[in-house]
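Good morning, and thank you for coming. I shall begin with a single residue and then widen the view; please look at the model first.

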Amino acid sequence: MKLTFPHMGNVYIAGKAFFEELGHEVIPPPRSSSKTLEMGTKFAQETICLPLKIMIGNFIESIEKGADTILLTGSCGPCRYGYYSVLQKNVLWDLGYDVNFIVLDPVREGIDKLKKNVYTIFNANNVKDVVEAAKLGWQLIKKADYITDLSNKKRAYAINSYEVDLILDNYFKEIENTFGAKEMMDLMDSTIESLNKVKLKDNFTPIKIGIIGEIYTVIEPFVNLEIERKLGHMGVLVEKSLTPTIWVEHHIKCYPIGSKSERLKYKLAKPYMDTAIGGHGRETVGSAIYYARKGFDGAIQLLPLNCMPEIVAKSVLSHVSKDFEFPIMTLIIDEMTGEAGYLTRLEAFVDLLERKRRKAVNG
Amino acid sequence: MSKKVGIPRGMFYFDYYFLWRNFFNNLDVDVVISPKTNKDILNRGIELCVDEACLPIKIYHGHVDYLKDRVDYIFIPRIKSIHKKEYCCPKHIGLPDMIKHSIKDLPKVIDTEINLMKSDVNLKRSAIEIGKNLEVNSYKVLKALDKAIIEYKGFIDMLTSKIVPIDMLSKYRDLSFITNIKKEKYGRKILVLGHFYNVYDYYINKDLVDKLNKRGFDVVTVEMVDEKKSRGYASKLPKRMFWTHGQRIVGGAFSFIEEKSISGIIYVSAFGCGLDSVLIDLIERKAKEERVPFTLLTLDEQTGEAGINTRIEAFVDMIEWRNKDEIDISTYG
């Protein structure tokens, strides 16, 4: 079994080391690129949302490298992500690829199936093995996220912000040469060390922006056109409302009640939206209020064109923005999004926030 | 003076009009329905709604805007789930939120959550809550609900007895006309697929049914398939379909395709519809396999009628040639 999975930001870093440690052969797809997107757009269903298209591109690239089993998390509505596995299987079948899909559906779809799937991918025979393996995976995810987070912080304060990019690019390159959890951990540690050595500006208060919106677009840097780097180079401190750590904590570690931070967001969103609408619609509204309260300067909502839950969230956000006097910009992303226009909008938004802050200081 | 409840003529109106109207009437509440979708309503909707939403949602905004000064309450239930373990579209669930945050100066909105995810008993609970908004006691509400459901079942029976519900919802206000309608006139059938609110809103689909009738085709819709049967077909999918509308559309379409009782399929979809992007793929594949002609009409507020006409004509011509030249006979004899 040669395992692969779609890209979602830094998840593959943890995933690769984790599954190698469990004794699988792992073939992560090459980092998403315009070639990935092009293939995805060409072969996927025309009107489906962007994540599916990129995943198709990822799968084709991995299959060509030899992968024969695809691992995917499932869901059962109301967001259409739940039907991804079926559509993707159809597309790959059309292209002549006969691959296995292992889909991890939520518990309420039948515990036996989930158990079987988990045992297969964890190479485990009983619950104890699964828990042990999961602990390791958790460590890896947390550390990978810590690096992303740290790099975002350093970039905002760094005298030369491109130094941070250089360290990260190097880190991504080195990942391909590692094998197993230990080597990965070592690499991560050395990356953290070099990040901490980056020279920082003194007496500098950066503009703070929260990134909210659809989970895939927020996490995957290729899809959001490296929004963290772009803002970082403008001296903006970026915090993301969704990271793999937050997802795992909410959906797996604290199952079924959910993590504290996410429940706080539900509570904050309540006056505006008091029920789950699927995807991360409610979390988007909650996060916006959370950042407004935390003293951030603004928030940017990211959504792939036609994302159903985020459209609902968007119509509510205009109200949130007014009530809290908190600027929120929505960026809609699809395969036609041009980088120059995108950058202009980011610059304009940061300018606006800077002016707003100056006004607040000078009265 | 009795209270007036406004029901916008959009979205779930087409599924549940008979249920809702009877329910409110049984409670001695007047029901005001917005007029059929027209240009004015569409324009109001486009102005008020977020740009990214789909056409029926925009039109719904227009209907609410029309009603807001004419009624005491507006009925926009939050329909989360209408079947056990199944959902509706996220935009259906967030509809009251979208409306409340997009339109100013609304009268009181009755946005009771209807969630039958776990059990059907919740329907009664929701009904009582609606009654609370109208200051009616729960005993009376439950009685009104029971009565309305019986009448609603009559409506469902009529659907399955092959009456095109389009006629019911647009031309008549009650069910007594039943005997006058000829069920099948032409003997050739085209399946018009899509969400209720796209198929039954004349303005959205540019009079599609009329146009097909003029060319000598009967129109069938998935609502005519018995629910049990359509669920049976939908269960053939590799993964459980978790949208109730998806179950209806896919199951109904599969049953027509497998029975080979139709000459072709026209799928009416609103641009940006999330469910349709999935359903179209599933149905188109099946239709191709069974060699049933399939075409897709994607509609948005820019759609021109002339373009739609051309496409319908081309599709119908194609079906006629197919019959005339008998090229749909299998080469394996």
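A:Asn306 is buried, since 22 other C-beta atoms lie within 10 Å; a residue is called buried if 20 or more other C-beta atoms, placed from the backbone, lie within 10 Å of its own, exposed if 12 or fewer, and partly exposed in between. This is a predicted model, in which local features need pLDDT of at least 70 and side-chain atom pairs count only at pLDDT 80 or more, while totals for chains, interfaces and linings use all residues. Residues are numbered from 1 along each chain as its sequence is written, and chains are lettered from A and ligands numbered from 1 in the order in which they are written.

Where does A:Asn306 sit in chain A? Its place is the loop between E7 and H14 of chain A; helices (H or I, at least four residues) and strands (E, at least two) are DSSP runs, numbered from the N terminus. The phi angle of A:Asn306 is near 75 degrees, which is positive although the residue is not glycine.

Let me now describe the elements around that loop. Strand E7 (residues 298–304) of chain A pairs in the parallel sense with strand E8 (residues 328–333) of chain A, over six bridges; two strands are said to pair if DSSP finds at least two bridges between them. A:Leu302 has A:Leu331 in E8(A) as its bridge partner. From E7(A) the chain passes through helix H14 (residues 308–324) of chain A to E8(A), in a right-handed β-α-β crossover. Right-handed here signifies that, with the strands pointing away from the viewer, the path from the first strand over the helix to the second runs clockwise.

Helix H14 also brings us to the contact between the chains. This contact takes 31 residues from chain A and 27 residues from chain B, where two residues are in contact if their C-beta atoms, placed from the backbone, lie within 7 Å. Helix H4 (84–94) and H14 of chain A are the elements that give two or more residues to the side of chain A that touches chain B. Of these, H14(A) gives the most, with nine residues. The side of chain A that touches chain B comprises 15 nonpolar, 14 polar and two charged residues. In this classification Ala, Val, Leu, Ile, Met, Phe, Trp, Tyr, Cys and Pro count as nonpolar, Asp, Glu, Lys and Arg as charged, and the others, Gly among them, as polar.

Within chain A, there are domain 1 (1–200) and domain 2 (205–362), with bounds that come from an automatic or database domain assignment. The C-alpha centres of these two domains of chain A are 23 Å apart. Their contact takes 29 residues from domain 1 of chain A and 30 residues from domain 2 of chain A. On the domain 1 side, helix H2 (34–43), helix H3 (50–64) and helix H6 (127–157) of chain A each supply at least two residues. The largest share of that side, nine residues, comes from H6(A). By class, the domain 1 side has 13 nonpolar, nine polar and seven charged residues.

I turn to chain B, which is divided into domain 1 (4–158) and domain 2 (165–325). Here the C-alpha centres of the two domains of chain B lie 25 Å apart, and the contact takes 25 residues from domain 1 of chain B and 25 residues from domain 2 of chain B.

In chain B, strand E1 (residues 4–7) and strand E2 (residues 30–33) pair in the parallel sense over four bridges, with B:Gly6 opposite B:Val32 in E2(B). The chain crosses from E1(B) through H1(B) to E2(B), and this β-α-β crossover is right-handed. E1(B) is also joined by two bridges to strand E3 (residues 73–75) of chain B, and these strands run parallel.

Is B:Asp28 buried or exposed? B:Asp28 counts as exposed, with 12 C-beta neighbours inside 10 Å. The residue lies in the loop between H1 and E2 of chain B, and its phi is near 60 degrees, a positive value in a residue other than glycine.

I close with the two loop residues side by side: A:Asn306 is buried, whereas B:Asp28 is exposed. Thank you.
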